[in-house]
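Dear colleague,

I am passing on a structure that you have not worked with before, and my notes on it follow below. Please read them with the model open beside you.

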Amino acid sequence: MEPLYLRSAGVSLLVDLSADEPAILHWGADLGPALPDLGVLGVLGGPMPNSALDSPVLQGLLPQASSGWRGRPGLRGHRMADGRPGTDFSARLRIADVHSDGTSAVITASDPDCGLRVVSMLTLHDGGLLEVQHTLTNDGGTDYALAELAAVLPVGPEGTEILDLTGRWCRERHPQRRPVQQGCWLRSGRHGRTGHDSALLLAVGSAGFGNRHGKVWAVHFAWSGDQEAYVDSVADGRTVIGASELLGSGEMVLAPGESYATPALFAAYSDRGLDDVSEAFYAWFRARAQHPASPRPVVLNTWEAVYFNHDLGVLTELAAAAADLGVERFVLDDGWFRHRRDDHAGLGDWYVDSGIWPEGLHPLIDAVTSRGMEFGLWVEPEMLNVDSDTARAHPDWIAGPAAEGGRLPAEWRHQQVLDLVNPHAWQYIYDRMDALLTEYPISYLKWDQNRDLLEMGHAGRPSVHEQTLAAYRLFDALKAAHPGVEIESCSSGGARVDLGILERTDRIWASDCNDALERQTIQRWTGMVVPPELVGSHIGPATSHTTARTHELSFRAITALFGHFGLEWDVRSLAGTEREELRGFIALYKKHRALIHGGRMVRADLPDPALLLHGVVAGDATEALFALVAVSTSYSEQPGRVCIPGLAADLTYRVELIYPAAGGAFIQSAPPAWLAGGAVASGRFLAEVGLPMPILNPEHAIVLHIFAPDRI
Ligand code: DGJ
């Protein structure tokens with residue numbers, strides 16, 4: 001059979017179909033329109049060393065021991081025979097059918113002896129993002145217990161360094177690197193949610209790969225439940241990268257005729273570093289029909305302003321102050337519903353607390369909407385406090401390891417998980433959310449989820465998989481019933497950031513940490529996959545509530561600028577000139593949000609770790625907005641010339657300092673002269689020679705507006 005060859009945006013995928021098993025020969029650079037004769041080259045399986053199999057070992061689409069693969073297998077599972085487990089433990093999947101339309105392909109492989117069939121969908125999207133998804137069907141006559149079905153891709157021979165992300169509450173998406181060595185680098189997520197420490201992006205690259213240089217093979221697994229992502233470097237010299245759902249013991253048993261579909265693995269290849277990986281993800285996001293198209297409104301979220309102290313008078317004053325500043329969406333956070341005076345009680349009782357809100361939420365919503373702002377509401381539908389009317393009435397709705405009435409999992413933030421696999425519980429929570437959205441003009445839900453799903457079970461059996469799908473169904477049903485409502489995915493800050501949840505939500509809350517210094521890292525790395533228009537990014541109070549660090553407004557605002565901008569601060573009493581300064585930053589965001597939310601992300605590879613330079617360049621490269629950020633003091637006396645990459649080499653640009661305004665003071669006797677009147681230079685000059693930059697105090701930043709005067 002002819003090979004399967006997909007090409008898009010400088011990327012190609014080549015699957016050899018000449019043997020009876022589909023084998024991925026290449027995922028990486030575009031190989032051009034014509035391929036050599038693969039049979040003559042002998043590239044399928046490669047040469048055979050001594051003391052090895054007597055036939056070449058294919059790297060199958062699902063790597064299998066039946067073809068000699070001794071790395072991590074793509075499929076693990078078994079049947080029961082005569083009451084004993086273990087039969088059909090090793091499948092020999094062979095091509096049954098192939099369909100391709102040039103950009104995507106459906107490959108069916110089956111093993112009639114084992115009674116198993118796998119349909120694999122491979123799609124190379126327009127921006128070069130590859131999507132891989134498998135569906136396994138039990139064609140046999142008995143139950144098949146599935147342990148793992150993985151999506152796996154080969155990494156090119158130059159891939160020698162692993163980069164992935166990890167983290168914790170308030171420090172999500174922290175990068176870590178290590179060399180590729182023989183063995184498996186495995187990232188397991190057993191949180192029942194995506195997790196603060198989730199990899200988000202797992203990449204293998206050429207030595208020293210950076211933001212704008214080097215080859216990179218990177219994957220993201222679009223799933224909000226338990227999962228594993230790995231790089232497996234096998235003794236035969238091959239390295240693969242992949243991911244799978246981490247299924248609980250006995251969780252996935254397929255009756256005859258039943259199927260299991262993997263979440264999608266998204267994979268990006270770049271020969272120009274991580275910025276291009278981001279570009280492939282951004283292009284995919286932005287091509288979706290449901291991608292937010294309206295300007296992303298300036299948000300004020302009440303959490304760090306008032307916490308649980310809900311008071312109509314205070315909140316009305318806050319709404320008035322917010323509207324006066326130019327805020328466009330006012331979000332009432334946790335604390336508005338029955339029994340919810342702190343985080344010990346109330347989750348599940350989704351009725352407005354009549355003690356705090358005798359006339360319901362209407363007076364506050366009127367105060368918000370009459371000032372031209374949208375109203376948003378915090379909810380946490382997937383959770384219960386044991387101290388709630390709902391849990392008291394339905395103790396069987398609490399998910400746990402035992403069948404009804406048994407031991408409960410350890411509490412976390414005084415809460416348990418609502419068993420959404422129980423149809424009554426699911427319907428109750430749907431009805432309550434639907435009722436709120438019907439009664440009130442709510443434009444936006446901040447949908448929170450504040451604990452790991454430990455010992456997650458339904459009817460005494462593991463249920464993270466079903467719970468995750470039931471939660472997805474809840475989002476989908478509410479979205480279908482209330483199509484205008486936007487939803488934010490929040491999970492103790494940024495513990496649910498993945499493409500599974502983002503298919504049904506409109507932004508993520510990247511972190512509960514509003515400290516701008518921490519946010520520089522959190523947002524930079526979240527932005528490797530998620531475009532800035534989907535990343536909630538707020539200005540908090542001067543002294544951060546989660547780190548006690550103090551920052552000037554400009555540093556907080558310039559940090560928030562490169563996301564979906566908002567405030568999380570009691571702005572009723574701003575000090576000195578702060579109100580005018582904040583108004584100015586809000587106006588700056590509004591002026592440039594179309595650019596920030598539609599352009600290409602550029603992150604320079606600067607030699608000095610004290611400095612970050614990032615920006616967004618318009619698709620036609622006629623305009624850009626950059627921030628130069630000092631994250632610490634530098635070992636150098638001065639930054640010298642800083643190269644500004646990512647612009648069009650042959651366009652002539654004007655570079656203007658827009659914050660601080662021209663003439664602003666820097667800590668040097670003579671700051672670079674161009675700061676006063678702007679600079680004119682080609683994109684090539686800016687990228688290769690750069691411009692001298694002022695010395696910045698640590699935890700300070702400046703903003704540059706760069707544009708081609710002839711073109712805009
Ligand atoms: C955790 C979220 O991340 C916060 O932003 C806030 O909404 C609290 N939950 C409310 O309980």
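Helix α10, which runs over residues 516–526, is mostly covered, since ten of its eleven residues are buried. The buried residues of α10 include Ala516, Leu517, Ile522 and Trp525, and charged side chains such as Glu518, Arg519 and Arg524 belong to the buried set of this helix as well. At the start of α10, the backbone nitrogen of Leu517 has a side-chain oxygen of Asp515 within 2.7 Å. Please keep in mind, here and in everything below, that this is a predicted model.

The ligand is the next place to look. Its surroundings consist of 13 residues, and the closest of them are Asp333, Asp334, Lys446, Asp448 and Asp512. Divided by kind, the shell holds four nonpolar, three polar and six charged residues. Three polar approaches can be followed atom by atom. An oxygen atom of the ligand lies 2.6 Å from a polar side-chain atom of Asp334, while a nitrogen atom of the ligand is 2.7 Å from an N or O atom in the side chain of Asp448. For Asn450, the distance between an N or O atom of the side chain and a nitrogen atom of the ligand is 3.5 Å. How much of the ligand's accessible area does the protein cover? Of the 300 Å² that the ligand has on its own, the protein covers 98%.

Aromatic rings are the next topic, and a search of the whole structure finds 16 aromatic pairs. One of them joins Trp303 and Phe308, whose ring centres are 5.2 Å apart and whose planes stand at 85°, an edge-to-face arrangement. Trp303 and Phe308 are both buried. Another pair is formed by Trp397 and Tyr428, with 5.5 Å between the ring centres and 45° between the planes, so this pair is tilted. The pair of Trp397 and Tyr428 links distant parts of the chain, as Trp397 belongs to the loop between α6 (389–393) and β25 (415–417) and Tyr428 to helix α7 (residues 423–439), with their positions 31 residues apart. Trp397 and Tyr428 are likewise both buried. Elsewhere, ring pairs connect Trp336, Phe337, Trp350 and Trp378 into a cluster.

Two arginines can be added to this account of the rings. Arg72 lies over the face of Tyr230, 4.2 Å from the centre of the ring, and the charged end of Arg504 sits over the ring of Tyr472 at 4.1 Å from its centre.

His220 is found in strand β15, which spans residues 216–221. Is His220 buried or exposed? His220 counts as buried because its relative accessibility is 3%, and buried means under 20%. The side chain of His220 reaches the backbone nitrogen of Leu499 at 3.0 Å.

Some details of the backbone also deserve a careful look. Arg413, in the loop between α6 and β25, has a phi near 50°, which is a positive value in a residue other than glycine. With a relative accessible area of 27%, Arg413 is partly exposed. Ala548 also has a positive phi, of about 65°, although it is not a glycine, and its place is in the loop between β31 (535–539) and α11 (553–561). Ala548 has 58% relative accessibility and so counts as exposed, the limit for that term being over 50%.

The loop between β37 (652–659) and α13 (674–677) holds Pro660, and the peptide bond that leads from Tyr659 to Pro660 is cis, with omega near -10°. Pro671 lies in the loop between β37 and α13 too, and its relative accessible area of 31% makes it partly exposed. Between the C-alpha atoms of Pro671 and Thr546, which are 125 residues apart along the chain, the separation is 35 Å.

If you would like a place to begin, I suggest the ligand with its 13 surrounding residues, and after that helix α10 with its ten buried residues out of eleven.

With best wishes

How values were computed:
Residues numbered from 1 in each chain as written. Predicted model: local features only at pLDDT ≥ 70, side-chain atom pairs only at ≥ 80, totals over all residues. Heavy atoms only, no water. Near = heavy atom within 4 Å. Polar contact = N/O pair within 3.5 Å; in protein donor to acceptor, adjacent residues only side chain to side chain. Areas by Shrake-Rupley, 256 points an atom, 1.4 Å probe, with all protein chains shown as cover. Nonpolar A, V, L, I, M, F, W, Y, C, P; charged D, E, K, R; others polar. Phe/Tyr/Trp six-rings, centres within 6.5 Å; stacked < 30°, edge-to-face > 60°. Buried < 20%, exposed > 50% of the residue type's maximum accessible area, 1.4 Å probe, protein only. Helix = DSSP H or I, 4+ residues; strand = E, 2+ residues; numbered from the N terminus. Lys NZ or Arg CZ within 6 Å of the ring centre and 35° of its normal.
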